[in-house]
Amino acid sequence: MAGSIAWDRPPAAGARRGGPLIVTEDVELLDDLLRLCAAAGAEPEVHHSLPENRGGWEQPPMVLVGDDAAGRCRGAARRQGVMLVGREQDDPDVWRRAVEIGAEYVLRLPDSEGWLVDQIANAVEGVGRSALTVGVIGGRGGSGASTLACALAVTAARAGRRTMLIDGDPLGGGIDVLLGGERAEGMRWPDFAHSKGRVGGGALEESLPALHGLRVLSWGRDDWVVVPPRAMQAVLAAARRLGGVVVVDLPRRVDESVAEALAQLDLGLLVVPGELRAVAAAKRVASMAGMVLDDLRVVARGPYAAGLDERWVAQALGLPLIGELPFDAGLLADQDSGSPPGGSARGPLARFCAAFWERALATESAAGRTGGGVS
């Protein structure tokens with residue numbers, strides 16, 4: 001496999017952590033904080049002063065201390081994730097109180113509500129390193145991009161990685177069909193099309209169909225919907241927060257929603273058949289995607305026209321080469337029998353995908369240890 005890739009995102013822990021600790025006697029402030037916790041999908045524990053139970057202060061993922069309770073929290077063990085919350089905008093003593101309790105942030109409501117919801121949800125979900133997010137785009141129609149996207153996701157899941165496959169092409173027929181899961185229970189894009197705020201990662205994962213060890217977000221069979229850019233951004237951000245691997249099957253056209261998806265990719269794979277017309281078409285796709293995506297690389301696919309090979313294709317596009325997509329003679333037979341692309345671990349397509357992930361993950365691990373970037 002040619003080229004090198006610099007991302008490894010170890011799978012995040014699957015279990016959700018406990019909710020935040022709220023310390024306040026201010027009824028109105030408590031109502032606001034409970035409302036914000038509900039918006040973040042968190043169930044808090046409420047105390048009027050420092051918890052008496054052992055670990056009650058140290059164990060929650062974050063602590064929200066009301067202005068009224070700061071004095072009662074003096075002397076608490078120093079820890080991360082303490083926030084002093086109130087409404088008074090012009091309080092000259094607020095910073096002194098924050099220092100006394102070791103608060104990392106001083107928040108004034110309602111101005112900080114949106115930011116605080118995000119922080120609560122991140123803390124509850126145990127957000128660590130975000131998912132390695134790979135998008136697959138066809139250089140021309142029928143290039144096999146959706147097949148590669150499925151195979152990458154199936155291979156990652158088989159290796160034990162937390163994996164989500166997202167169908168970003170509304171005209172592609174539904175990527176769940178390739179996985180044999182068009183009738184599987186779970187939510188599809190029409191259920192998320194009107195999402196405007198934050199989508200919880202755990203809630204997203206639990207709501208999607210589970211197929212072949214991974215979660216799949218595809219299009220509905222009957223409902224035609226347009227996914228606004230904000231909804232695409234919210235869903236992909238939630239998927240990335242879960243950690244592990246996210247694979248996105250993308251269309252060749254770039255509209256505002258696709259641009260949102262491209263902006264969240266760590267790497268784009270452009271699948272290009274070895275034909276002059278395909279290379280010409282892929283140049284236009286690469287030009288559009290490259291306006292948003294920083295790292296786009298070529299996966300060449302034979303058979304090749306006379307005088308062409310995978311290196312020529314990559315050089316003609318001026319992009320790095322990941323490798324050559326192998327011909328898998330058993331692919332159609334496997335799909336007829338209900339096996340998804342990449343479902344047979346010994347098949348050439350699965351071996352290609354396994355080699356891709358091994359290289360990508362190993363290179364990212366090295367980059368994480370040395371502080372390096374893409375090589």
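Hi everyone, let's start in the sheet: strand 3 and strand 4 run parallel to each other and share 4 bridges. Within that pairing, Gly66 has Val85 of strand 4 as its bridge partner. Please keep in mind that this is a predicted model.

Now let's widen the view around those two strands. They belong to an open sheet of 5 strands, ordered 2-1-3-4-5, with parallel pairing. Strand 2 (45-47) and strand 5 sit at the edges with a single partner strand each, so one side of each has no neighbour in the sheet. From one strand to the next, the twist averages 25°.

Going outward from strand 4, we reach strand 5, and these two also pair in the parallel sense, over 4 bridges. Here Val85 comes up again, standing opposite Leu107 in strand 5. In the other direction, strand 1 and strand 3 make a parallel pair with 3 bridges, and Ile22 stands opposite Leu64 in strand 3.

So which residues of strand 3 are buried on one side, and which on the other? Val63 and Val65 are buried on one side, Leu64 and Gly66 on the other, and both faces of the strand are covered.

What packs on this sheet? Helix 1, residues 27-39, does, and it touches strand 1 (21-23), strand 2, strand 3 and strand 4. The direction of helix 1 makes about 170° with that of strand 1.

Next, helix 2, residues 94-101. Its buried residues are Val94, Arg97, Ala98 and Ile101. Looking down the axis of helix 2, you find those buried residues within an arc of 105°, so they line one face of the helix. The background here is familiar: an α-helix has 3.6 residues a turn, so residues three or four places apart point the same way. On the face turned away from the buried side of helix 2 are the exposed residues Trp95 and Val99. And what covers the buried residues of helix 2? The cover includes strand 3 (63-66), strand 4 (82-86) and strand 5 (105-108). For those of you who like backbone torsions, Gly102 follows helix 2 and has a positive phi, near 70°.

Let's go back to helix 1 and look at its contacts with helix 3, residues 113-125. The axes of helix 1 and helix 3 come within 8 Å, crossing at roughly 55°. That angle makes helix 1 oblique to helix 3. The crossing of helix 1 with helix 3 is right-handed. On the helix 1 side, the residues are Leu33, Arg35, Leu36, Cys37 and Ala39, and they meet Glu113, Leu116, Val117 and Ile120 of helix 3.

Further along the chain there is another helix pair to look at. Helix 8 (residues 229-241) and helix 9 (residues 256-263) have axes that come within 8 Å and cross at roughly 25°. This makes helix 8 roughly parallel to helix 9. Helix 8 also passes helix 9 in a right-handed crossing. In this pair, Pro229, Met232, Gln233 and Leu236 from helix 8 meet Glu256, Ser257, Glu260 and Ala261 from helix 9.

Let me finish with the protein as a whole. It has 13 helices and 13 strands. Of its 375 residues, 53% count as buried. Among contacts with a separation of 6 or more, 73% come from residues 24 or more positions apart. Thanks for listening!

How values were computed. Residues are numbered from 1 along each chain as its sequence is written. This is a predicted model: local features need pLDDT of at least 70, side-chain atom pairs count only at pLDDT 80 or more; totals for chains, interfaces and linings use all residues. Side-chain values use heavy atoms; hydrogens and water are left out. Buried means under 20% relative accessible area, exposed over 50%, partly exposed in between (1.4 Å probe, protein chains only). The arc is that of the directions from the helix axis to the C-beta atoms. Contact means heavy atoms within 4.5 Å. Two strands pair if DSSP finds at least two bridges between them. Axes are lines fitted to C-alpha atoms, for helices over the stretch in contact, and angles run from 0 to 180 degrees between N-to-C directions. Angles under 35 degrees count as roughly parallel, over 145 as roughly antiparallel, 65 to 115 as roughly perpendicular and the rest as oblique. A crossing is left-handed if the near helix is turned anticlockwise from the far one by less than a right angle, and right-handed if clockwise.
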